[in-house]
Amino acid sequence: MILEFFEMKEVPFTREIVPTHLFGSATHQEASARLEYATHHRQCCLLTGDPGTGKSTAVRSLIYHSDQVKYRHVYLCDSALTPKLFYHEVLHFFGMQPAYRATEAKRQFQTLMLDIYENEKKIPVITLDEAHHFSDNMLQELRFILNFKEDSMSPMSLILIGQPSLRNQLKSKHLEAIDQRIQLRYQITGLTEKETHAYIRHHLQVAQTPHDIFSEEALRAIYHFTQGVPRKINTLCSQSLLDACVLGNKIVGESHIQRVINEQ
Ligand SMILES: Nc1ncnc2c1ncn2[C@@H]1O[C@H](COP(=O)(O)OP(=O)(O)OP(=O)(O)O)[C@@H](O)[C@H]1O
Ligand SMILES: [Mg+2]
């Protein structure tokens, strides 16, 4: 219905946006640059940001664009991850049968990471998303996950993703040893007002819309309400498009944005 009404080829503002069509805001570019640096140098990287700012999307883009000859990516998104589950998931991912005993599974994991790096000449990159939900036990385990050859080297890169509270969590005295092992950290922020306008135009361009749809006042209202958080922008824009379509308006003015906001 929206497609024909606004003469679009694709539905804009969806989460299915392909990595080649992502919007390169300053904050997303910086996040990508740091993730690339961390993986290239086999470092531990902490990427934080409020919900919907684009953390998982940044990792999706990293994996999509990464050189398959050089890297082996594992992405785990499990807020209830335990050390045992971690070792099992990674070993299964690489086609291995984890040992029943935890200490043995840990040894298998270490041997596997070293083998990929030293023999396959590839860098294993393990991303743990939703890490702000991890128990202390899981956070403590990160220390052992990153300990190779008497803690003298790391054959792999570990990317921790979570909400800003994770940074504070890692500042606790009992987690200091893990915090010290994080070599790179970055906090993704919301887009600026100018970027928010450009982000919306970008999505419409990707959808191949032949003309501007949102009025200047509408764009300003969207920024004001969303503070440049991509997921919030997507939701507000999608709902306002539908509202304008139902009311037969080809231009989404501020009134449509307000109507949608008032309904939330
Ligand atoms: N660079 C980008 N270009 C285009 N769209 C983006 C970009 N970054 C994020 N988005 C959009 O914003 C949505 C939310 O991003 P994402 O899921 O990565 O957020 P998040 O920070 O991981 O949130 P959460 O903390 O809730 O997991 C995505 O589904 C995507 O549609
Ligand atoms: Mg996410």
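**Aromatic pairs and a helix contact**

Start with Phe86: at 0% relative accessibility, this residue counts as buried in the predicted model, since anything under 20% falls in that class. Phe109 also comes out at 0% relative accessibility, so this ring is buried too.

Eight aromatic pairs turn up in the structure. A pair of aromatic rings is described by the distance of the centres and the angle of the planes. Take Phe5 and Phe6: the ring centres are 5.0 Å apart and the planes meet at 90°, so this pair is edge-to-face. Phe5 is buried, and Phe6 is buried as well. Phe86 and Phe109 make another of the pairs, with centres 5.4 Å apart and planes at 65°, which again means edge-to-face, as the cut-off for that label is over 60 degrees. Phe86 belongs to helix H4 (residues 83-93) and Phe109 to helix H5 (residues 102-118), so this pair ties together parts that sit 23 residues apart in sequence. The story doesn't stop at two rings, either: ring pairs join Phe86, Tyr87, Phe109 and Phe148 into a cluster.

Charges get in on the act as well. Lys250 lies over the face of Phe5, 4.2 Å from the ring centre, and Phe5 is the buried ring that pairs edge-to-face with Phe6. Over at Phe144, the charged end of Lys106 sits above the ring at 5.1 Å from its centre.

Back in helix H5, Gln108 is worth a look. With 16% relative accessibility, Gln108 counts as buried, because the limit for that class is under 20%. Which residues does Gln108 touch, leaving aside its neighbours within four places in sequence? The contacts are Leu91, Met96, Gln97, Pro98 and Ala99.

Then there is the packing of helix H10 (residues 216-226) against helix H12 (residues 254-263), where the axes run 7 Å apart at an angle of about 30°. That angle makes H10 roughly parallel to H12, because the label covers angles under 35 degrees. On the H10 side, Glu217, Ala218, Ala221, Ile222 and Phe225 make the contact, and on the H12 side Glu254, Ile257 and Ile261 do the job. By residue type, the contact of H10 with H12 comes to six nonpolar and two charged residues, with no polar ones.

Note on methods: Residues are numbered from 1 along each chain as its sequence is written. Chains are lettered from A and ligands numbered from 1 in the order in which they are written. This is a predicted model: local features need pLDDT of at least 70, side-chain atom pairs count only at pLDDT 80 or more; totals for chains, interfaces and linings use all residues. Side-chain values use heavy atoms; hydrogens and water are left out. Rings of Phe, Tyr and Trp (its six-membered ring) pair if their centres lie within 6.5 Å; planes under 30 degrees apart count as stacked, over 60 as edge-to-face and the rest as tilted. Buried means under 20% relative accessible area, exposed over 50%, partly exposed in between (1.4 Å probe, protein chains only). Helices (H or I, at least four residues) and strands (E, at least two) are DSSP runs, numbered from the N terminus. A charge sits over a ring if NZ of Lys or CZ of Arg is within 6 Å of the ring centre and within 35 degrees of the ring normal. Axes are lines fitted to C-alpha atoms, for helices over the stretch in contact, and angles run from 0 to 180 degrees between N-to-C directions. Angles under 35 degrees count as roughly parallel, over 145 as roughly antiparallel, 65 to 115 as roughly perpendicular and the rest as oblique. Contact means heavy atoms within 4.5 Å. Ala, Val, Leu, Ile, Met, Phe, Trp, Tyr, Cys and Pro count as nonpolar, Asp, Glu, Lys and Arg as charged, and the others, Gly among them, as polar.
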